[in-house]
Amino acid sequence: NRGVAGKTALEVTSPLEPMIVLESAGAFANPIEGKMLTAKAKLGVGAQHVIVQDGFAVDDNKDTPLLELKQLKGANQAGSELDLSLAGELSSTVSWKAGGNFFLPILSSAEGDTGLDRTSINLLAGLSVKLAKWASLDYNFVARRIPLVIEEWQIQHGILVTAGFNLL
């Protein structure tokens with residue numbers, strides 16, 4: 001155990017760490033295709049690779065006053081994958097999207113990292129408002145759980161203003 005002063009800056013990961021590479025193959029279906037609603041589904045096999053260097057993740061035990069870290073470990077997994085996505089337009093200026101990806105590891109290079117409780121889940125939702133012919137405002141929400149990296153859910157909110165123009 002190594003102690004660090006309370007207000008000391010601590011670099012826990014390098015840039016782009018951990019990097020997660022996903023691969024998949026399987027059957028794709030588009031059961032609903034329309035302006036108001038488009039539904040897509042994918043069922044198949046996949047692989048998930050977690051690439052790390054010497055990074056750490058917060059693994060805090062709330063019962064102690066110390067901030068606890070765990071060493072990240074790289075691993076490779078293979079298993080089954082289900083991907084569902086929905087999208088549509090509410091009007092000519094407002095569109096939406098929602099979806100989820102579920103990866104159930106069956107084989108893993110990390111010991112004990114298979115089974116239903118080790119399923120990686122990635123949920124997303126978004127709303128886009130066209131402000132002008134050349135500008136839009138987008139809101140994105142992502143909830144992600146990748147037990148190979150960290151057990152807790154990771155939540156992201158993003159707001160993006162996009163401006164586009166034609167050169168020719």
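**Figure 1. L72 sits in a loop between two strands.** In this predicted model, L72 is found in the loop that links β4 (69–71) to β5 (75–89). Is L72 buried or exposed? With a relative accessible area of 6%, L72 is buried, because buried means under 20%. Which residues does L72 touch, leaving out those up to four places away in sequence? They are T13, P18, V52, G55, F56, A57 and V149. P15 can be marked in this view as well. L72 and P15 are 57 residues apart along the chain, and 14 Å separates their C-alpha atoms.

**Figure 2. The segment before β1 holds L16 and P18.** L16 is not a glycine, yet its phi is positive, at about 60°. The next feature is a peptide bond. From E17 to P18 the bond is cis, with omega near -5°. Why do these two features deserve a close-up? Most residues other than glycine have a negative phi, and most peptide bonds are trans. L16 counts as exposed, because its relative accessibility is 70%. P18 is also one of the residues that L72 touches.

**Figure 3. The second largest pocket has a volume of about 240 Å³.** How many residues line the second largest pocket? There are 15, and E17, P18, V149, I150 and Q154 lie nearest the centre. Three elements each give two or more residues to the lining: β3 (56–58), β8 (135–146) and β9 (150–163). By type, the lining divides into ten nonpolar residues, three polar and two charged. Two of the residues nearest the centre, E17 and P18, are the pair joined by the cis peptide bond. V149 is another residue nearest the centre, and L72 is in contact with V149.

**Figure 4. N140 lies in strand β8.** N140 counts as partly exposed, because its relative accessibility is 28%. Which residues does N140 contact, leaving aside neighbours within four places in sequence? The contacts are K97, A125, G126, Q156, H157 and G158. L160 offers a distance to check. N140 and L160 are 20 residues apart in sequence, and their C-alpha atoms are 8.3 Å apart in space.

**Figure 5. E33 belongs to strand β1 (residues 19–33).** Is E33 buried or exposed? E33 counts as exposed, because its relative accessibility is 63%. A87 can be shown alongside. From C-alpha to C-alpha, E33 and A87 are 9.4 Å apart in space, though their places lie 54 residues apart in sequence as a separation.

**Figure 6. The whole protein sets the close-ups in context.** The protein has nine strands and zero helices. From the N terminus on, the elements run β-β-β-β-β-β-β-β-β. The radius of gyration is 20 Å, well over the 15 Å that the globule rule gives for 168 residues, so the protein is more spread out than a compact globule. Along the principal axes, the C-alpha atoms fill a box of roughly 60 × 40 × 35 Å. How much of the protein is buried? Of the 168 residues, 26% count as buried. The protein exposes about 11,700 Å², and carbon and sulfur atoms supply 61% of that area. Among contacts between residues at least 6 apart in sequence, 51% join residues at least 24 apart.

Methods:
Residues numbered from 1 in each chain as written. Predicted model: local features only at pLDDT ≥ 70, side-chain atom pairs only at ≥ 80, totals over all residues. Heavy atoms only, no water. 1 Å grid on protein atoms, 1.4 Å probe; cavity = no way out; pocket = protein on both sides within 12 Å on 5 of 7 lines; lining within 4 Å. Points joined across faces, edges and corners; volume = space filled by probe spheres on them. Helix = DSSP H or I, 4+ residues; strand = E, 2+ residues; numbered from the N terminus. Nonpolar A, V, L, I, M, F, W, Y, C, P; charged D, E, K, R; others polar. Rg over C-alpha atoms; globule rule 2.2 N^0.38 Å. Buried < 20%, exposed > 50% of the residue type's maximum accessible area, 1.4 Å probe, protein only. Contact = heavy atoms within 4.5 Å. Areas by Shrake-Rupley, 256 points an atom, 1.4 Å probe, with all protein chains shown as cover.
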